[in-house]
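Please open the structure in your viewer and keep the selection panel handy. We will go from whole chains down to single helices, one stop at a time.

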Amino acid sequence: MAAITLTVNGSSRQVEAEADTPLLYVLRNDLELNGPRFGCGLGQCGSCTVLVEGQPTRSCITEVGAVAGRSITTLEGLGTPDRLHALQRAFIAEQAAQCGYCANGMIMAAKALLDSHPEPSEPEIRDALASYLCRCGTHNRIVAAVQRAVREG
Amino acid sequence: MNAITRRGFASGLLLSFAFAPALAQQTTPVAPRRLPGSLNTNRRLDAWLHIGADGRVTVCTGKVEIGQGAVTALMQIAAEELDILPGRITMVSGDTALTPDEGVTSGSQSMEMGGTALRFAAAEARAILLEKAAARLGAPAAHLRVQDGMVSAPNGNGVSYWALAEAGLLRREATASVRPKPPAEHTIVGQPLPRLDIPAKVTGQAIYVQDMRLPGMLFGRVVRPPSYAAQLLGVDLDSVRKLPGVVAVVRDGRFLGVVAQREEQAVKARLALAAAARWSLPSALPVQADLHAHLKTLKHDTTTSSEKQAEAAPVAQRLQASFTKHYLAHASIGPSCAVAQYAADSASLHVWSHTQGVFPLRGDMAKVLGLPLDKLRVTHVQGSGCYGHNGADDVALDAALLARAVPGKPVKLQWMRDDEFTWEPYNPAMVMEVSAGLSAEGRIVDWQYDVFSQGHNNRPGNPARGINLMPAWHLEQPHTPPYPRATPQPAGAGDRNAVPLYDFPNQKVLHHLIPEMVLRTSALRTLGAYGNVFAIESFMDELAEAAGQDPVAFRLEHLRDPRGRAVVEAAARLANWQPGTRGDGSHGRGFGFAKYKGLSCYVACVVDIEVDRATGGIRVARAFAAADAGQVINPDGLRNQIDGGIVQAISWTLKEAVRFTPERVTSQDWDSYPILTFPEVPQVQTVLLNQPDQPPLGSGEASQGPAGAAIANALKHATGLRLRALPYTPDRVKAALERS
């Protein structure tokens, strides 16, 4: 095990882990963050998405050693129940979840999209979310929530 | 609800009121009067409700939140009848130590059974409180008004529920003698109240069982055989025990698992254990291309789902066809997970699970583990959407089998993606054969239908007959599952919705239940209804064409049920259905209709599709739906269910089939079991036909059948191709177009 320093949601955090540990497990188990979720461990579904230097990144296939010192943002870093981010507020307003397990990836991918394209069209939103899987069939509400966040900022 | 869930994580949920459901059942008279909904089997008022002196109300429900908003809707019902604001309510759901036993949260029964029980229990509790208030205020109960728990008399004097609350107030048997409010007076029921759980889910609060962290918690993983029939020839456990962080390696028969300090250590140890095991891998499965022919050769138990005979015009023209579907996976986004903790003396066990039925799971687990029922507590904590019987129950036993090796320590175990895909109990493959006779006037005068299917309901809950927990089948002393039995009509299982709602003078519907477990199967949303509605509604279009009639008009010709007719007409109106339009070779629209289970929610669906003839790819461009779910409790929640069901059914219809070779299941990840993605999801427009004076009906399974059938009919309309075999993947559509 090695001491690895991470910058998570603006804070410097030190963890003891093997360098090849998936970032997801460090975030969830060492730093007790719940936003990124284990869905496939294969980088296919997007549930584990975090932002690394602003880029949406699948934390289940990212080794923690590879992101030491880089800026990592999780769902918790966007906002809290008392101080919601515009996207979180919009997801609640649109009731854009059934089971909600995929919501983390949807919101983080949308955050990255809006940071680079502040006013995406509906097809652009769908394309940006194409590799994020939802099984409950809540896709249209998720798209509507992203559109609402664009509108209401 | 979040607060109590988190408190439950930390300290074990403690509530401050007496509760004894087992005792309540023992004191029930021999032949008690039938009470509404789940009140009939949980007859004590204090099993459902607690009025606190602190202005809080605790509502206990045996139903659980599986991502469909049921617990929010149940809270609305209780708030409505008690005349309190929903914010006063703490919901406690699904805990063998705390809540009523309402069996399984399934079959779209949460509103019908759990909601009805709460409605009557809360109405009666309100009446009890008003009676006390009347004595206190010196005014007749009938003259009192209640606003958010404050009772006031005409003279202006008042007293609150919280001042009236006292221990034992509701310690009595329910009578269901107090009539719930008439719907016209509802102010909370019928409103789109926001879901209780969504803020936590979009901000990363601990809400799923996957988020549980208990002091000293260890991490487990299991190593499954490579196939159902594989036998363990040998395994080197010692090499795995030496790995970093490994606390225990468990072998019991061909059940293998590891416990480690850290999660990634458990994952690595799992891989090492898998590599250290040698298995036989016999060819025990059929060739997938021959699956449906194979199924028909298997022994089957036949029951008659419907039979009627009447005078009718002679048959002038007979059509027959055979329809097929493959195994479907629940494919939950989050693999199943559980936490289990034995007491240090190994005498008792606490399990946290996203099971749909805490009591049935406890019964099966207690038998496998040799624990008395009162030494095993199962607490529901939410998980990823399950859509039926996925790996939730199995992983709870997995976790317990590993926790048994480390008494006193909690063990969290989340399945890996391939565990879920290859071991979950699938929705069965089915064969639907139908033959119908048209009269010279173009009316259906005879209908013969046969459905062949494995069992759709192999959940835990019959420990006396067998154990429906897969890990138990792999133990040194293996348990076996119960012999599958047909579920009686009208609900049915493999024959769910096999009996059409249409009026045919002569009909015979036979259900052929295949007991052999070719692939492991159990309940997935709709059970057999998706396959049966696909077949029936496809064939209705074939018959309409043979009769020279418009599909919608033809359905109405055969449909007397007024609510069914209204839904069909509403969907046609919403989509601006025009009789006589022709597809252009690549664009078309189709219609599908069903009343779920023959006794629940009505849905009619219209879809517009585009077919790429070069690739065989189908895109659903738009979908329209009309739904009658009786009294609407939460219109936004209802829309979410209807629309979500349509999207899920589009995915089933266009993309999904569990793949396997003669050796093993090969759908192991999202590449080998693809589902619908954002660019492929159409806009859905839904109209709700509210029936305030009718009972509320579950809606989570109502739209899938009609949506799938509508796609089948749209493909025919667009291209002239009647494709009777699901799924409509591009390769299969292209090949069929080339053949036609």
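The radius of gyration used here is taken over C-alpha atoms, and the globule rule is 2.2 Å times the number of residues to the power 0.38. Two notes before you click: this is a predicted model, in which local features need pLDDT of at least 70, side-chain atom pairs count only at pLDDT 80 or more, and totals for chains, interfaces and linings use all residues. Residues are numbered from 1 along each chain as its sequence is written, while chains are lettered from A and ligands numbered from 1 in the order in which they are written.

**Stop 1: select chain A**

Chain A has a radius of gyration of 15 Å, which agrees with the value near 15 Å for a compact globule of 153 residues. Along its principal axes, the C-alpha trace of chain A spans about 45 × 30 × 25 Å.

Turn on the cartoon, and you should find 6 helices and 5 strands in chain A. Helices (H or I, at least four residues) and strands (E, at least two) are DSSP runs, numbered from the N terminus. Following the sequence of chain A, you will pass through β-β-α-β-β-β-α-α-α-α-α.

How much of chain A is buried? Buried residues account for 56% of its 153 residues. A residue is buried if 20 or more other C-beta atoms lie within 10 Å of its own, exposed if 12 or fewer, and partly exposed in between, with C-beta atoms placed from the backbone.

**Stop 2: select residues 23–30 of chain A**

This is helix H1 of chain A, a mostly covered helix with 6 of its 8 residues buried. To see the buried ones, show Leu23(A), Leu24(A), Tyr25(A), Val26(A), Leu27(A) and Arg28(A). The cover over these buried residues of H1(A) includes strand S2 (11–17) and strand S3 (49–52) of chain A, together with H8 of chain B. Just after H1(A), click on Glu32(A), where phi is positive at about 55°.

**Stop 3: select residues 86–93 and 103–116 of chain A**

Two packed helices are described by the angle between their axes and the distance between the axes. Here the axes of helix H3 (residues 86–93) and helix H4 (residues 103–116) of chain A come within 10 Å and cross at roughly 130°. That makes H3(A) oblique to H4(A). Axes are lines fitted to C-alpha atoms, for helices over the stretch in contact, and angles run from 0 to 180 degrees between N-to-C directions. Angles under 35 degrees count as roughly parallel, over 145 as roughly antiparallel, 65 to 115 as roughly perpendicular and the rest as oblique.

Which residues make the contact between H3(A) and H4(A)? On H3(A), pick Leu87(A), Gln88(A) and Phe91(A); on H4(A), pick Ala103(A), Ile107(A), Ala110(A) and Lys111(A). Two residues are in contact if their C-beta atoms, placed from the backbone, lie within 7 Å.

**Stop 4: select the contact between the chains**

Show both chains together: the contact takes 47 residues from chain A and 46 residues from chain B. On the side of chain B that touches chain A, helix H6 (198–203), helix H8 (263–276), helix H16 (635–655) and strand S24 (683–688) each supply at least two residues. H16(B) gives the most to that side, with 8 residues. Colour this side of chain B by residue class and you get 16 nonpolar, 17 polar and 13 charged residues. Ala, Val, Leu, Ile, Met, Phe, Trp, Tyr, Cys and Pro count as nonpolar, Asp, Glu, Lys and Arg as charged, and the others, Gly among them, as polar.

**Stop 5: select chain B**

Chain B comes to 18 helices and 24 strands. Its C-alpha atoms fill a box of roughly 80 × 75 × 50 Å along the principal axes. Of the 740 residues of chain B, 57% count as buried.

**Stop 6: select residues 358–369 and 392–403 of chain B**

These are helices H10 and H11 of chain B, which pack at an angle of about 35° with their axes 11 Å apart. From H10(B), Leu361(B), Met365(B), Val368(B) and Leu369(B) meet Asp393(B), Ala396(B), Leu397(B) and Ala400(B) of H11(B). This contact of H10(B) with H11(B) divides into 7 nonpolar, no polar and 1 charged.

**Last stop: select Ala571 of chain B**

Ala571(B) is in helix H15 (residues 562–574) of chain B. Is Ala571(B) buried or exposed? With 28 C-beta neighbours inside 10 Å, Ala571(B) counts as buried. Not counting residues up to four places away in sequence, Ala571(B) touches Ala604(B), Cys605(B), Val606(B), Phe624(B), Ala625(B) and Ala626(B).
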